[in-house]
Amino acid sequence: MKRARLIAWLSRYSTIVILAVPILLVAAFTELIAGTLLIRLVTAMFVSMIIVLGMQVFMGNSGILAWAHVGFMGIGAYVAALCSMTPHIKEIAIPQVYPFLLNLQLPFWLSLLVGSAIAALVAAVISYPLMRLSDAAAAITSFALLIIIHAVLVHWDRVTNGPRTLFGIEEYTTLWISVSGAILMLILAYFFKESSLGLRLRASREDYHAASAMGINITQVRYLSFVVSAAIAGFGGGLFAHYITSFTPDAFYLIETFNVLAMLVVGGPLGISGAVIGTILVTVAREGVRAVENTINLNHLLPFEVIGLTEVFLATVLILSLILRPQGIMGSRELRWKPKQSSGEANELDAQPASE
Amino acid sequence: MIVFEFIINAISVGSLYALIALGLVIIYGILKMVNFAYGELIMVGGYLLYLVGANTNIPWLIAAVIAVVGAMVVSYLTELVAFRKVREKSLTALLITTFAVSTLLQNSALIIISPRAKAVALPQIFSTTITIFNITTSMRNILTIVVSIAMLVGLTFLFRNTILGIALRAAADDFQMTRMLGVPANLVISSAFVLSGAIAGVVSLFWIGRTASVTPTIGLGPLLIAFVATVIGGMRSLVGAVVGGFVYGLIFSFIGVLLPQVLLDYREAFMFLIVILILLLRPEGLVRVKYAQERVG
């Protein structure tokens with residue numbers, strides 16, 4: 001009986017298990033054999049994974065193009081950094097900082113949560129009316145939102161140190177912290193997708209009019225998921241800040257948006273598996289090309305310095321992927337494991353119909 | 001007299017912005033596609049000006065023609081290689097493709113030319129000033145106004161009196177119906193991209209004329225201007241784009257004079273706040289159109 005129960009549990013949550021176990025293995029493997037450089041790369045990959053998952057929660061389930069999430073990542077990063085820095089360093093790093101911010105210092109984990117909460121709060125305050133819009137109008141407004149957030153980050157000297165580099169942040173984000181964060185957000189994104197809210201949102205993606213005829217308040221459903229996804233992006237931003245330790249507002253602008261979009265779209269925005277697989281594949285491919293680029297430049301293999309090869313490669317991959325597989329590698333599927341339906345008990349316990 | 005100088009300046013900015021917006025809306029009208037790679041066409045024009053100017057002794061006017069033709073060719077190629085393949089799929093896929101093409105073109109410029117700004121040689125006429133009736137203004141302003149208006153008149157003629165123009169307008173109103181009446185879709189869409197590229201090429205001459213240098217990211221500024229202007233004027237109509245461009249140019253010039261410095265830093269944020277408000281409150285923009293058609297794949 002215990003075995004049957006375990007099988008039923010495993011098959012119900014198989015997606016999470018199938019994704020989380022390899023992630024843990026990769027992390028353990030990296031920790032055991034890899035050098036500092038690779039550990040940093042893998043840490044960064046899991047931080048990106050959180051942002052991609054945050055974007056998936058909104059974009060994947062609602063089908064609306066989301067540009068603003070890297071902006072929310074930026075909000076999370078700046079807020080978390082401000083919370084965790086010591087007053088002494090803050091005084092040097094942000095000369096004009098508001099006095100009430102100067103003496104604020106929170107532990108790392110609390111800073112992350114505050115960053116995430118503020119990102120969610122900003123999203124909650126501004127986004128409700130925007131959720132009425134679809135298609136091109138939605139894409140332009142969220143792009144506008146990204147530009148507004150960026151403009152505020154660049155010009156609010158007394159909080160962000162303006163366009164100059166914000167430095168002096170402690171490097172708290174270790175490999176294991178970023179891995180735990182990624183797995184936590186993976187579980188959150190999965191349960192969100194499978195929840196009643198997620199289901200209603202996906203219904204509105206498939207057929208707007210049918211969903212609204214069934215009594216789904218689409219604006220509200222989109223709004224809630226937007227806030228959740230902004231919270232996840234903000235959390236990832238906090239981790240990013242304590243990984244990279246110094247950054248400018250440009251870290252949260254179009255280049256990063258392109259990276260995150262590429263990861264999500266190549267993998268497949270409709271599911272959690274797609275987001276995870278896309279992040280891993282794109283990171284591996286990108287770092288591979290970057291290594292080639294660095295080798296060329298360090299050994300002067302070409303008469304000029306090659307800059308931008310990585311982005312050209314990524315953009316080409318993204319375009320090809322959109323032409324050949326517009327729904328990404330995974331499409332609307334999730335990685336799942338289903339036991340063979342041989343024993344009656346397992347069947348009974350697994351009576352819940354698969355949702356896909 | 002300062003008032004007149006200010007007005008000429010504002011009209012110059014406005015007519016350039018109108019042109020910028022028109023190039024974007026020609027595509028949007030037909031495909032409902034916001035072309036994020038539009039700014040990079042202006043970049044292409046700029047780099048061609050630089051390359052021709054730095055490596056040859058060809059006169060500027062011919063270099064300008066090369067720049068415009070180059071932007072047209074690149075615009076056509078982006079459609080042929082990337083957008084045509086994704087057109088039938090979802091709008092989201094199409095928008096992401098334009099963003100990817102934009103990144104591709106930008107970074108190709110990084111690789112092929114240089115990440116650093118390159119100085120572009122300008123003809124004498126761009127830096128001279130003239131005085132008419134005691135009003136002093138730069139020749140560049142006058143040229144911008146004259147060329148923009150000439151372009152607008154030419155395009156109006158094209159749209160009104162040629163078969164291609166009529167097909168383009170019909171496609172912008174109701175693409176499905178236009179196809180059913182026997183207008184070849186690919187031809188119409190390709191011509192729209194070529195036209196958009198031509199406008200971008202002409203814009204690049206004056207945009208580069210302001211700073212006399214070109215960088216890989218130079219396209220972002222005009223792209224954002226086109227966004228704001230088309231939303232103000234109405235994304236569905238060509239007239240709306242022109243109106244929106246002028247209105248934006250005027251607002252932008254006035255804001256520059258009226259706002260205190262502290263708020264001036266946030267000028268971009270303000271403009272985009274206006275964009276969001278217009279999309280919410282009056283999504284059809286200043287100029288309404290008779291037909292309002294949903295996107296067709």
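Here is a quick tour of two contact regions in this structure, which is a predicted model.

Let's start between the chains. On one side of the contact are 33 residues of chain A, and on the other are 38 residues of chain B. On chain A, three helices each put in at least two residues of the side touching chain B: α8 (135-155), α14 (254-267) and α16 (309-324). The top contributor there is α8(A), with 12 residues. As for what that side is made of, the count comes to 26 nonpolar, five polar and two charged residues.

Now for the inside of chain A. Its domain assignment splits the chain into domain 1 (24-251) and domain 2 (253-340). Measure by C-alpha centres, and domain 1 of chain A and domain 2 of chain A are 20 Å apart. Where these domains meet, domain 1 of chain A brings 22 residues and domain 2 of chain A brings 17 residues. On the domain 1 side, α3 (36-62), α8 and α10 (175-194) of chain A each provide at least two residues. This time α3(A) gives the most, with 11 residues.

Here are the residue classes for both sides.

| Side | Nonpolar | Polar | Charged |
|---|---|---|---|
| Chain A, touching chain B | 26 residues | five residues | two residues |
| Domain 1 of chain A, touching domain 2 of chain A | 16 residues | four residues | two residues |

One helix to look for in the picture is α8 of chain A: it supplies residues to the side that touches chain B, and also to the side of domain 1 that touches domain 2 of chain A.

Notes. Residues numbered from 1 in each chain as written. Chains lettered and ligands numbered in written order. Predicted model: local features only at pLDDT ≥ 70, side-chain atom pairs only at ≥ 80, totals over all residues. Contact = placed C-beta atoms within 7 Å. Helix = DSSP H or I, 4+ residues; strand = E, 2+ residues; numbered from the N terminus. Nonpolar A, V, L, I, M, F, W, Y, C, P; charged D, E, K, R; others polar. Domains from an automatic or database assignment.
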